[in-house]
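Work through the exercises below with the sequence and the model open. Try each task before reading its solution.

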Amino acid sequence: MSWVGYSTPPQPVIQGQLDFGVLGTKYQRDGSEKLANALRGLEASRGDDSYSNNIVAHSYGSTTAAYTPTKPDIHVDTFTTIGSAGLPDSVDNASDLHADHVYAGQAQNIWVFEPGRGDRRAQTGRLSWSHGQDPTDPDFDATAFGTDGVPGDDEKLSVDDHNVHTKEMRGTWTPTRSRSTTSGRPRRATLRR
């Protein structure tokens, strides 16, 4: 099941606004409660544990989603971040999330003005005064997985940008990688080098 049920903050300056809400917590807290309610509804309708409950979140979505499995009544099997714009500072270790496994993937961090391939947005999001935690940091204790791709494997292309697209878009995230982490096989997403 895919869930996209929250309002994202505008991108300051890029969308012609001087709203820096992307660096705060209002949007993420509001979205987190909506995601928690959706997960509660799913659990109530299923009534058993015969299904796997996973969160895969990209960019600011990982910032928003990270609040959800910190709630005492929410538990997920896996929590995966892709190009995270930073997790809330209150989540300073993977153990703070009520998840059996926490995975994190990130393209090479580069600044907006740097030449070359890499993620120009996630690192900027982590400059926030409230969500600066990088889930790929070894001290965070998530299982970091590579995004460098596998030469000759059309399912595992390198991630060269911040955007998430299908495999037809070279240099972006593919659904295969998400399937690898949600099924507990992050090494299939590619090894971190």
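The exercises move from the whole chain to helix pairs, single residues and salt bridges.

**Exercise 1. The chain as a whole**

Task: State how many helices and strands the chain has, and in which pattern they follow along the sequence.

Solution. Keep in mind that this is a predicted model.
- Step 1. Count the elements: there are four helices and four strands.
- Step 2. Read them along the sequence: the pattern is α-β-α-β-β-α-β-α.
- Step 3. Look at burial: 46% of the 193 residues count as buried.
- Step 4. Look at contact range. Take contacts between residues at least 6 apart in sequence: 59% of them join residues at least 24 apart.

**Exercise 2. How α1 meets α2**

Task: Describe the crossing of α1 and α2 by distance, angle and hand.

Solution. Two packed helices are described by the distance between their axes and the angle between them.
- Step 1. Locate helix α1 at residues 26-46 and α2 at residues 60-67.
- Step 2. Take the distance: the two axes come within 7 Å.
- Step 3. Take the angle: the axes cross at roughly 60°.
- Step 4. Classify the angle. Roughly perpendicular begins at 65 degrees, and roughly parallel needs under 35. α1 and α2 are therefore oblique to each other.
- Step 5. Assign the hand: the crossing of α1 and α2 is right-handed.
- Step 6. List the residues that make the contact. α1 supplies Tyr27, Gln28, Arg29, Gly31, Ser32 and Leu35. α2 supplies Tyr60, Thr63, Thr64, Ala65 and Tyr67.
- Step 7. Sort the contact of α1 with α2 by class: five residues are nonpolar, five are polar and one is charged.

**Exercise 3. The cover over α2**

Task: Find how many residues of α2 are buried, and what covers them.

Solution.
- Step 1. Apply the cut-off: buried means under 20% relative accessible area.
- Step 2. Count: eight of the eight residues of α2 are buried, so the helix is mostly covered.
- Step 3. Name the buried residues of α2: Tyr60, Gly61, Ser62, Thr63, Thr64, Ala65, Ala66 and Tyr67.
- Step 4. Identify the cover: it includes α1, β1 (54-58) and β2.

**Exercise 4. Thr68, just past the helix**

Task: Decide whether Thr68 is buried or exposed, and name the residues that Thr68 touches.

Solution.
- Step 1. Place Thr68: this residue is in the loop between α2 (60-67) and β2 (76-82).
- Step 2. Read the accessibility: Thr68 has a relative accessible area of 0%, so it is buried.
- Step 3. Set aside residues up to four places away in sequence. Thr68 then touches Ser32, Leu35, Ala36, Leu39 and Ile74.
- Step 4. Link back to Exercise 2: Ser32 and Leu35 also belong to the α1 side of the contact with α2.

**Exercise 5. Two residues and their distant partners**

Task: Give the accessibility of Ala38 and Asp77, and the C-alpha distance from Ala38 to Trp3 and from Asp77 to Val102.

Solution.
- Step 1. Start with Ala38, in helix α1. At 23% relative accessibility, Ala38 is partly exposed.
- Step 2. Ala38 and Trp3 are 35 residues apart in sequence, yet their C-alpha atoms are 8.4 Å apart.
- Step 3. Go to Asp77, in strand β2. With 24% relative accessible area, Asp77 is partly exposed.
- Step 4. Asp77 and Val102 are 25 residues apart in sequence, with 8.7 Å from C-alpha to C-alpha.
- Step 5. List the contacts of Asp77 beyond four places in sequence: Tyr51, Ser52, Asn53, Asn54, Ala99, Asp100 and His101.

**Exercise 6. Salt bridges**

Task: Find the salt-bridge partners of Arg40 and the network they belong to.

Solution. Side chains of opposite charge can pair when their charged atoms come close.
- Step 1. Take the total: the count is five salt bridges.
- Step 2. Pair Arg40 with Glu33: the N to O distance is 3.1 Å. Arg40 is partly exposed at 26%, and Glu33 is partly exposed at 33%.
- Step 3. Pair Arg40 with Asp73: here N to O is 2.6 Å. Asp73 lies in the loop between α2 and β2 and Arg40 in helix α1, so this pair ties together parts 33 residues apart in sequence. Asp73 is partly exposed at 43%.
- Step 4. Turn to Arg126 and Asp134: their closest N and O atoms are 3.8 Å apart. Arg126 is buried at 11%, and Asp134 is buried at 18%.
- Step 5. Join the bridges that share partners: Glu33, Arg40, Lys71 and Asp73 form one network.

Definitions and conventions
Residues are numbered from 1 along each chain as its sequence is written. This is a predicted model: local features need pLDDT of at least 70, side-chain atom pairs count only at pLDDT 80 or more; totals for chains, interfaces and linings use all residues. Side-chain values use heavy atoms; hydrogens and water are left out. Helices (H or I, at least four residues) and strands (E, at least two) are DSSP runs, numbered from the N terminus. Buried means under 20% relative accessible area, exposed over 50%, partly exposed in between (1.4 Å probe, protein chains only). Contact means heavy atoms within 4.5 Å. Axes are lines fitted to C-alpha atoms, for helices over the stretch in contact, and angles run from 0 to 180 degrees between N-to-C directions. Angles under 35 degrees count as roughly parallel, over 145 as roughly antiparallel, 65 to 115 as roughly perpendicular and the rest as oblique. A crossing is left-handed if the near helix is turned anticlockwise from the far one by less than a right angle, and right-handed if clockwise. Ala, Val, Leu, Ile, Met, Phe, Trp, Tyr, Cys and Pro count as nonpolar, Asp, Glu, Lys and Arg as charged, and the others, Gly among them, as polar. A salt bridge is a side-chain nitrogen of Lys or Arg within 4 Å of a carboxyl oxygen of Asp or Glu.
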